[in-house]
Amino acid sequence: MTCPETTSIGAYVLGALEASERHAVEEHLPTCTACRETLLQFAHLPGLLHAVPVEDIEIDQPEPAPLQLTKKRPWWMLGAAVAATLTGLVSWALVSAPAAVTWTATNGVGGIDTTAKLVSRNWGTDIQLRITDLKPYEHCMLVVHGRDGSTQVAGWWAANGSYQANVPASTSIPLQDIDHLDVVDTGDTVLSTVSPTTH
């Protein structure tokens, strides 16, 4: 038997729900097996989508209008304009380059070691999580904690007999606003915490 709430799971995984809707889904998930199974099926989608390079996405843009010069300008004015343009391009490149950080934590519950690479994106933060020394068949979720007290579940996974997991995840919370990440099991036990201050 399916649950009507499963229609919201895809939007939840992709971070497309409003805060109130996201909270409602997070309260519903522990009570519904069908929705949890759907969540496990969709959990890998953010990582796959974010792996597509931006340059591979074609966007139709109108042809720029030809440049019309109505009168001659002194050479020094043209030089100043070129310099200003180059300065703007360099500044734009520096600002638009994605920031990336790597947080690690060792000796979590049962000796779990966790490494999280976080990359800032214009939609939020891309997260690549690597965990070792997991219990086989452990079911876990990644919870992102914002500096403002907000939380988002960024992914669910099962160890499937392996002692390690490589988990692609994502959150709409900007990188600079993330306080820490928790790896949590189905019993709400925090197995590992990573942040800028953990090692």
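Strands S7 and S8 form a hairpin, with 4 residues between them. In the turn sits Asp 188, whose phi is positive, at about 65°. This is a predicted model, and the hairpin is a good place to enter it.

Look at the two arms. S7 covers residues 178-185 and S8 covers residues 190-194. They run antiparallel, joined by 4 bridges. Across from Leu 181 stands Val 194 in S8.

Now widen the view. The hairpin belongs to an open sheet of 4 strands, in the order S5-S4-S7-S8, with antiparallel pairing. S5 (151-158) and S8 are the edge strands, and each pairs on one side only. On average, neighbouring strands of this sheet are turned by 20° against each other, direction ignored.

What joins S4 to S7? The link consists of 7 bridges, and these two strands run antiparallel. S4 spans residues 139-146. One residue to find is Met 141, whose bridge partner in S7 is Val 184.

Next, go to the inside. The largest nonpolar core has 24 residues. Leu 118, Leu 129, Leu 142, Trp 157, Leu 181 and Val 183 touch the most other members. Two or more residues come from each of these elements: S1 (100-105), S2 (113-121), S3 (124-132), S4, S5, S6 (164-171), S7 and S8. Apart from this core lies another one, of 16 residues. Among them are Cys 3, Ile 9, Cys 35 and Met 141.

Leu 181 deserves a second look. Which residues does Leu 181 contact, leaving aside its neighbours within four places in sequence? They include Trp 103, Ala 116, Leu 118, Ile 127 and Leu 142. Ser 192, Thr 193 and Val 194 are also in contact with Leu 181.

Move over to Val 190, in strand S8. Is Val 190 buried, exposed or partly exposed? It counts as partly exposed, because its relative accessibility is 38%. Leaving aside neighbours within four places in sequence, Val 190 is in contact with Val 109, Asp 182, Val 183 and Val 184. Compare sequence and space for Val 190 and Gly 108. They are 82 residues apart in sequence, yet 8.7 Å apart in space, C-alpha to C-alpha.

Finally, consider confidence. The chain has a mean pLDDT of 75, and 69% of its residues reach 70 or more. Over residues 89-97 the pLDDT is below 50. Beyond near neighbours in sequence, this stretch has 0 contacts in the model. Where pLDDT is low, predicted coordinates should not be read in detail.

Conventions. Residues numbered from 1 in each chain as written. Predicted model: local features only at pLDDT ≥ 70, side-chain atom pairs only at ≥ 80, totals over all residues. Heavy atoms only, no water. Pairing = 2+ DSSP bridges. Axes fitted to C-alpha atoms, helices over the stretch in contact; angles between N-to-C directions. Core = buried A, V, L, I, M, F, W, Y, C linked by side-chain atoms within 4.5 Å. Buried < 20%, exposed > 50% of the residue type's maximum accessible area, 1.4 Å probe, protein only. Contact = heavy atoms within 4.5 Å. pLDDT = per-residue confidence, 0-100.
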